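Please walk through the following fold with me, beginning with its overall layout and then turning to a sheet, one of its strands, and a pair of charged contacts.

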Amino acid sequence: MIARRELCFIATFVAALYRFANGLEFDNEDMIAVVATAVGKKEGDFSNVFVRNVSIPTPKVGQVLIKVAASSVNPVDWKILAGGLPLKFPHTLGFDVSGRIVKCNACKRLKVDDQVWADLGKMWLLRGGELGAYAQYAVADESQVGVKPA
């Protein structure tokens, strides 16, 4: 069952993305992302969540760039906004991602055009990086990415 706070989060995300995307033009180096600028004042406070035009991330050695097809609302996402987990702001929200690889940087197992899924927690937990699944593109370490079953 979806909790009330998750429904609020989903509704806020969809409404903000729709408002932001209408009438905007982007170049090949920009993308739309849902960005949190600070922790909310109380549970369910999304006043610090915005849809922004940001640069497409560049994968480092051993990383891939995923064109996001789908994401989910992971409990980690709303815990971040409630202040339950340490994070640097601003950052792009989104823990779970599914999509297609569009760039690889010295990867051994994955290649461009692989259909994949990933959990983006490794970069955040180990290096304080962004999560990033609530965007058009997300970066992931090759080790945290799985190829979708056929």
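How many helices and strands are there in the protein? The model, which is a predicted one, contains 3 helices and 8 strands, and when these elements are read along the sequence they follow the pattern α-β-β-β-α-β-β-β-α-β-β. The protein has 150 residues, of which 41% count as buried, and its exposed surface comes to about 8500 Å², with carbon and sulfur atoms supplying 57% of that area. Among the contacts with a sequence separation of 6 or more, 68% are between residues 24 or more positions apart.

With that outline in place, consider the sheet. Five strands form an open sheet in the order β7-β3-β5-β6-β8, and their pairing is antiparallel. Its edges are formed by β7, residues 137-141, and by β8, residues 145-147, each of which pairs on one side only. From one strand to the next, the twist averages 45 degrees. As a general matter, the strands of a sheet pair through backbone hydrogen bonds, in either a parallel or an antiparallel sense.

The pairing at one edge can be followed residue by residue. Strand β3, which spans residues 63-71, pairs with β7 in the antiparallel sense over 5 bridges. Within this pairing, glutamine 63 stands opposite aspartate 141 of β7, while leucine 65 stands opposite valine 139 of β7.

Is β7, although an edge strand, enclosed or open to its surroundings? Of its 5 residues, 5 are buried, so β7 is largely enclosed by the rest of the structure. In a regular strand the side chains alternate between the two faces of the sheet. For β7, both faces are covered, since the buried residues comprise Tyr137, Val139 and Asp141 on one side and Ala138 and Ala140 on the other.

The charged contacts come next. A search of the whole structure finds 2 salt bridges. In one of them, arginine 100 is joined to aspartate 113, and the closest N and O atoms are 2.9 Å apart. This pair links distant parts of the chain, with arginine 100 in strand β5 (residues 96-105) and aspartate 113 in the loop between β5 and β6 (115-119), 13 residues apart. Arginine 100 is partly exposed, having a relative accessible area of 29%, and aspartate 113 is likewise partly exposed, with a value of 47%.

The other salt bridge brings together the side chains of aspartate 114 and lysine 111, at 2.8 Å from N to O. Which of these partners is buried, and which is exposed? Aspartate 114 has a relative accessibility of 9% and therefore counts as buried, the limit being under 20%. Lysine 111, at 52%, counts as exposed because its value is over 50%.

Aspartate 114 deserves a further look, since its surroundings can be listed. This residue lies in the loop between β5 and β6, and, leaving aside residues up to four places away in sequence, aspartate 114 touches Gly99, Arg100, Ile101, Arg109 and Val147. Two of the names in that list have appeared above in another setting: Arg100 is the salt-bridge partner of aspartate 113, and Val147 falls in the edge strand β8, which covers residues 145-147. The loop between β5 and β6 thus holds aspartate 113, bridged to arginine 100, and also the buried aspartate 114.

Key
Residues numbered from 1 in each chain as written. Predicted model: local features only at pLDDT ≥ 70, side-chain atom pairs only at ≥ 80, totals over all residues. Heavy atoms only, no water. Pairing = 2+ DSSP bridges. Helix = DSSP H or I, 4+ residues; strand = E, 2+ residues; numbered from the N terminus. Axes fitted to C-alpha atoms, helices over the stretch in contact; angles between N-to-C directions. Salt bridge = Lys/Arg side-chain N within 4 Å of Asp/Glu carboxyl O. Buried < 20%, exposed > 50% of the residue type's maximum accessible area, 1.4 Å probe, protein only. Contact = heavy atoms within 4.5 Å. Areas by Shrake-Rupley, 256 points an atom, 1.4 Å probe, with all protein chains shown as cover.
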